[in-house]
Amino acid sequence: MQQQEIHDFLLRYFEANHCEFVKSEPSYMTVQLTEEMDKELMNRPFYWHYLEKTGGIPQPMQLTLVTDAPKTPEDVKGENIHFGSPRLHQIFTSTKKLAGYIRLYENKQGSPGRQTPLLPWLCLNVKISYQCDRKRDIYQSIGLQMINGRMVPDFHDQILSLSLTPKIPDYAFTLSPLIKPKSGVMRIENLLKTQINEEDHTWAEEARQRWKKDKDLLDHFYKEIDDTDSYEIEKQALKLQYEPKINISVINGGLFYLTDQAI
Amino acid sequence: MTVQITFDSSWQDELLNRMDNDGPWGSWELYKLAIEVEKQTIIPEFEGLQAPKHLSQLTPLPHQLEVAKQVVENMNGKAILADEVGLGKTIEAGLILKEYMIRGLVKKALILVPASLVSQWVMELNSKFFIPAVAQRKSYVWESCDVVVSSIDTAKRNPHRDIIYEQNYDMVIIDEAHKLKNSKTKNYEFVQNLKKKFCLLLTATPIQNRVSEIFNLVSLLKPGHLGSESAFYGKYKKDARSIDDDEHLRELVNKVMIRNRREDTGIEWTKRHVETIPIEFTKEEQDLYNSIRTLTEDTHLPSASSFSIMTLQREACSSREAVYYTLKNMIKRQETPSAIFEGKIASIIKKVEAVTTNSKAAKTLELIQEIGDKVIIFTEYRATQLYLQWFLQQHGISSVPFRGGFKRGKKDWMRELFEKRAQVLIATEAGGEGINLQFCHHIINFDLPWNPMRLEQRIGRIHRLGQEKDVKIYNFAIKNTVEDHILKLLYEKINLFEKVIGDLDDILTRLDVGKVEDHLVDIFSQSSSEGEIKIKMDNLTSMIQFAEEMREGDGHAATGNT
């Protein structure tokens, strides 16, 4: 992530969270946090607790974030933000936390005589992690049409071009899903698992070989030592180190009500 | 081939919950941002290092990146990092830890380091690597913090020990791991029983060890890598000099150990300037020195005394205070000292009392004033350390003492004082290890250690990565004393000071370092004349030179990584 991308990301994050910019320069920004954002980012629960008890006037903090230090005036005191900075990762985490669940409607207004029908979709954006003593992840976005069960890959990218709104538009109505959300999630889960099982898992095979090799050495080492405790500990450690696993975690997702032409 | 796949179902429970409650729903803009973040932070490849992208404050050197890559990709996260002193093993370990943390393979890590280094590790991990490491100060820290730095001595004691064994560490890092070479110690046992999923052992001196030591170290990291104990010793003699004697063993060890040498790194190092400063005793000092030799003529002395006399002579080259302290102890140790013995000691004490000045201290003062910058003085003796501190203070020079026995906090405090307030730091031998003082570039070796490795460690405190200036080393030696012999023959003939550390390591490996010291004691205590001393010292020098030639003969094959 380049500094410019980080800068744009921060602007969008604070805007989306309704924070005012006291200063917004190309190299840095000073943000007046809202009460919610102060609680989200500034880690001062005692202050907020105290305020609640005493009924004082909340004074959320301002935050100055510098994305291009050489071009920032020296008297600007702020936090330097770069790809590895803890603050940025805190904001990353916060972003995911605040937007874990969504419900949106395609913004297609009908008319009194011709109401727009909207089809229900369930979308899951997931991260699939392949883990042994090493790890790699891939991102996938799957959409499930909850009436006919059609599943669509790259769903997220496909809806980016649509106009979406959190409130159902006038003269539009949603069709009732035939598939319940719970079973919808399960269908997506099964689809992902089937796909994964068809992949090439040489990596896992190799990890198991490394595991076996170390395990054989361990067995040999402890053959003449009567210390089952430390043997068990070491054996367990090898399992943790090498055992290949795949974890699917949900980044975010939700319900989308779209016109028939949308996807 | 099937791999177990787990699907995180917690998300859907919350979805159903929100559907029942008609919200709350996230904003579309944040939702899109979250996906963008995820795409940015996802790591699609098993290979390659992510850590450097996250570390804006740090520009790792090529050899450090290479080490990190090797450990992660080829050594499965278990390795002995054995770079020479000053090449940045901490940086390498930090890179590896960071890499695993970014990839989500390590969450909980335990870092065991010498007490004096705890704060430094915490500081470096936080400031250079943005790893929220915490120094262990309260027992709840083990459970509540993910990355904890502690000394082994604290960790191995209860209640800590039991709590630690309860934790599931993903990574264990041990600094100065060569201290774990003996498998019979409590420390060894403690580390052995830690669950080590990923593990790094850091040491600057693994190959000076005997075969048994390398066996213990490797078995700690990867039990069985060198076979079972009986099989191993059946094959290799326990007292074999070095692992380099056996090609096969060396190859095996190189699979779990990475060792970079200065010359391999291609980094321009600042220079070392070494100056020997010969010093003449005053008449009284010479008298004292000579009188100690007369002790050898006494046949009633206890058997261990040749060593004591050796010590006394060396102390006489340092300070009268050091001599006095040892004499007092010698008397104390004898339950019923013979009259002759008491008489001798008393006469030496008289000589001690006659000494009113310290030639070396006077020279030190002169040198410090001339340098006008920070100076570290190393001495082997606490009595000398105390005396020097008093002496310098008399002349308006501020100094701070440093000893191995200081508690962690005190060491940090002394280092801080030295950096910010005092001109001089006076360290005893034990103080030489485990503290970085790159802001200083003058060392005075007030007296010389007989173990060349310790000398290297002294210099290594300041001549390391991060040192921007050339390092000046002043060696004091009193003319016509044991000290003079050591310096001339051993240090000057084999150019020990100019040598970069790697060469020295290799040479000493072949020699079995511990014994150099024994040789010296033997030579000085058993020789009946100056001539004999000289011949024996020449022999020792040739031996070292021979080892050196041998090393040059077989190039770098002996230490290179495979």
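The paragraphs below go through a predicted model, taking the sheets, a helix, the nonpolar cores and the contact between chains A and B in turn.

Chain B holds an open sheet of seven strands, paired in the parallel sense and ordered β4-β5-β3-β6-β7-β2-β8. The edges are β4, residues 133-135, and β8, residues 257-258; each has a single partner strand, so one side of each has no neighbour in the sheet.

Strand β5(B), residues 147-150, can be followed in detail. On one side, β5(B) pairs with β4(B) through three bridges, and the two run parallel. Within this pairing V134(B) is the bridge partner of V148(B), and A135(B) is that of V149(B). β5(B) is also joined to β3(B), residues 109-112, by four bridges, again in the parallel sense. There, A109(B) is opposite V147(B). Is β5(B) covered or open on its two faces? Both faces are covered: V147(B) and V149(B) lie on one side, V148(B) and S150(B) lie on the other, and all four are buried.

Helix α5(B) covers residues 89-102. At 1.5 Å a residue, its 14 residues should span 20 Å, and the C-alpha atoms at its ends are 20 Å apart, so the expected and computed spans agree. Of these 14 residues, 13 are buried, which leaves the helix mostly covered. After the helix comes G104(B), with a positive phi near 75°.

The helix and the sheet of chain B can be tied together through the nonpolar core. The largest such core in the model has 73 residues, and those with the most contacts inside it are L97(B), I111(B), M171(B) and L201(B). L97(B) falls within the residue range of α5(B), and I111(B) falls within that of β3(B). Leaving aside residues up to four places away in sequence, M171(B) touches L97(B), Y100(B), V106(B), A109(B), K197(B), F198(B) and C199(B). A109(B), named in that list, is the residue that stands opposite V147(B) in β5(B). A second core, separate from this one, has 65 residues and includes I128(A), A207(A) and Y242(A) as well as I35(B).

Chain A has an open sheet of four strands in the order β1-β2-β3-β4, and here the pairing is mixed. Its edge strands are β1, residues 20-24, and β4, residues 79-80; each pairs with a single strand, so each has one side without a neighbour in the sheet. β1(A) runs antiparallel to β2(A), residues 28-32, and four bridges join them. In this pair, E20(A) has Q32(A) as its bridge partner.

The last topic is where the two chains meet. How many residues of chain B are in contact with chain A? The count is 59, and they contact 68 residues of chain A. On the chain B side, the elements that give two or more residues are β1 (4-7), α1 (10-20), α2 (28-41) and α3 (51-54). Among these, α2(B) gives the most, with 12 residues. By type, the chain B side consists of 25 nonpolar, 21 polar and 13 charged residues. I35(B), which belongs to the second core, lies in the residue range of α2(B).

Strand pairing also crosses between the chains. β11(A), residues 245-258, runs parallel to β1(B), and the two are linked by four bridges. In this pairing F7(B) of β1(B) is opposite I248(A).

Terms used
Residues numbered from 1 in each chain as written. Chains lettered and ligands numbered in written order. Predicted model: local features only at pLDDT ≥ 70, side-chain atom pairs only at ≥ 80, totals over all residues. Expected span 1.5 Å × (residues − 1). Buried ≥ 20, exposed ≤ 12 C-beta atoms within 10 Å, placed from the backbone. Pairing = 2+ DSSP bridges. Core = buried A, V, L, I, M, F, W, Y, C linked by C-beta atoms within 7 Å. Contact = placed C-beta atoms within 7 Å. Nonpolar A, V, L, I, M, F, W, Y, C, P; charged D, E, K, R; others polar.
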